[in-house]
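Below are some numbered remarks on the model, arranged by sheet, helix and individual residue. Please read them alongside the coordinates.

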Amino acid sequence: MTAIVSIRDLVKTYDSGFQALKRVSLDIQEGEILALLGPNGAGKTTLISTICGIVRPTSGLITVGGHDVARDWRAARSLIGLVPQEIALEPFETVFRSVSFSRGLYGRPADPGHVERVLRQLSLWDKKDSTIQPLSGGMKRRVLIAKALAHRPQVLFLDEPTAGVDVELRKDMWAVVADLRAQGVTIILTTHYIEEAEAIADRVGIINHGEILLVEDKASLMSRMGRKELQVDLAEPIETVPETLARHALELDEGGRSLIYTYDAAGERTGIVTLLGEMRGAGLQIADLATRQSSLEDIFVDLVRTGR
């Protein structure tokens, strides 16, 4: 795949001395959905704002579609659509005119047909003559996406697009994103809802303290770093793990009724058969068994906590 966005050694240091981005290097492939995860203050919005030309970098190189964002900014920005976190819309303007106006900001001629297609795609066509003010929060976010798509960008940045949106509408938004990707639009998504990344992303990037900790294919990441747990419920509670089972690094729950065994599901041998045999040999009676696969959220929390 071809990189449509390329970032090399990007640094952003504010006048206060705070370094928001620390030599960030990243390639974003054409046509992919990249989910950028990180805690508050990690540098997600600063990174997006710098790529989009809103924030000036201290040093480093950014190209979009081969255009240098600093030197050839007009060509670079014409390829970019941005949906910001904040809902900033003219409250008394109609939906149709608001979206049409965004085309003019990029020097595009009027194209009512394209605006209609975008509004229909986002389920906004029946609201085309409505002013912005009475729309729900979810509808206003859809208008923001429509405005970002008005000039036919090749790269779409979604900065927390479903913040404050109910679960049903959030899933509708995921469907919209998947549809855009099918049309060839490259999408970079920042989110606090890790299930979004797990549901729709091709690759996952994790950023913390202004540094990219990793960027990896989602399935590969979950296979490589994911863990599986076996929960063994006991017929009778115990106070401590028997010494004969110490080598299995078992965790005992607070009530003493369950033992947790962590293993590599992709390994040739999980050790479960041996463990269960040794538990019976230790006199433990098993009441039930259950397994659990670690989620992307578990991996994210571990990476942010350890910094690697």
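1. The pairing of Thr63 may serve as the point of entry: threonine 63 stands opposite aspartate 68 in S5. The model is a predicted one, and the remarks that follow should be read with that in mind. Strand S4, residues 59-64, is joined to S5 by two bridges, and these strands run antiparallel.

2. These strands belong to an open sheet of four strands, ordered S2-S1-S4-S5, with antiparallel pairing. At its edges are strand S2 (19-29) and strand S5 (67-68), each of which pairs on one side only. Helix H1, residues 44-51, lies across strand S1 (3-13), S2 and S4, and runs at about 115 degrees to S1.

3. A further open sheet contains six strands in the order S6-S7-S8-S3-S9-S10, and its pairing is mixed. Strand S6 (80-83) and strand S10 (211-217) form the edges, each pairing on one side only. On average, neighbouring strands of this sheet are turned by 15 degrees against each other, direction ignored. H1 packs on the sheet as well, touching strand S3 (33-37), S6, S7, strand S8 (186-190) and S9. The direction of H1 makes about 150 degrees with that of S7. H5 also packs on this sheet, where it touches S6 and S7, and its direction makes about 165 degrees with that of S6.

4. How much of H1 is covered? The helix is mostly covered, with seven of its eight residues buried. The buried residues are Lys44, Thr46, Leu47, Ile48, Ser49, Thr50 and Ile51. This burial may be read together with the contacts H1 makes to S3, S6, S7, S8 and S9 and with its position across S1, S2 and S4. Glycine 53 follows H1 and has a positive phi, near 85 degrees.

5. The S9-S10 pair merits inspection at the level of residues. Six bridges join S9 to S10, and the two strands run antiparallel. Isoleucine 207 stands opposite isoleucine 212 in S10, while asparagine 208 has glutamate 211 of S10 as its bridge partner. The hairpin of S9 and S10 has two residues between the strands, and in it histidine 209 takes a positive phi near 55 degrees.

6. Arginine 203 lies in strand S9, residues 203-208. Is its side chain buried or exposed? Arginine 203 has a relative accessible area of 17% and is therefore buried, the cut-off being under 20%. Leaving aside residues up to four places away in sequence, arginine 203 touches Asp27, Ile28, Gln29, Glu32, Ile33, Leu34, Ala35, Val215, Glu216, Asp217 and Lys218.

7. Helices H3 and H5 pack at an angle of about 35 degrees, and their axes are 7 Å apart. The contact is made by Val95, Ser98, Val99 and Ser102 of H3 together with Val143, Ala146 and Lys147 of H5. H3 passes H5 in a right-handed crossing.

8. In helix H4, residues 112-121, the residues His114, Val115, Val118 and Leu119 are buried. Viewed down the axis of H4, the buried residues fall within an arc of 135 degrees, so they line one face of the helix. Helix H3 (95-105) and H5 are among the elements that cover the buried residues of H4. Just after H4, serine 123 takes a positive phi of about 55 degrees.

9. Where is histidine 151? This residue is placed in the loop between helix H5 (137-149) and strand S7 (155-159). Histidine 151 is buried, with a relative accessible area of 1%. A polar atom of its side chain lies 2.8 Å from the backbone oxygen of isoleucine 80. Not counting residues up to four places away in sequence, histidine 151 touches Arg77, Ser78, Ile80, Gly81, Arg103, Tyr106 and Arg108.

Methods. Residues numbered from 1 in each chain as written. Predicted model: local features only at pLDDT ≥ 70, side-chain atom pairs only at ≥ 80, totals over all residues. Heavy atoms only, no water. Pairing = 2+ DSSP bridges. Contact = heavy atoms within 4.5 Å. Axes fitted to C-alpha atoms, helices over the stretch in contact; angles between N-to-C directions. Buried < 20%, exposed > 50% of the residue type's maximum accessible area, 1.4 Å probe, protein only. Polar contact = N/O pair within 3.5 Å; in protein donor to acceptor, adjacent residues only side chain to side chain. Arc of directions from axis to C-beta. Left-handed = near helix turned anticlockwise from the far one by under 90°.
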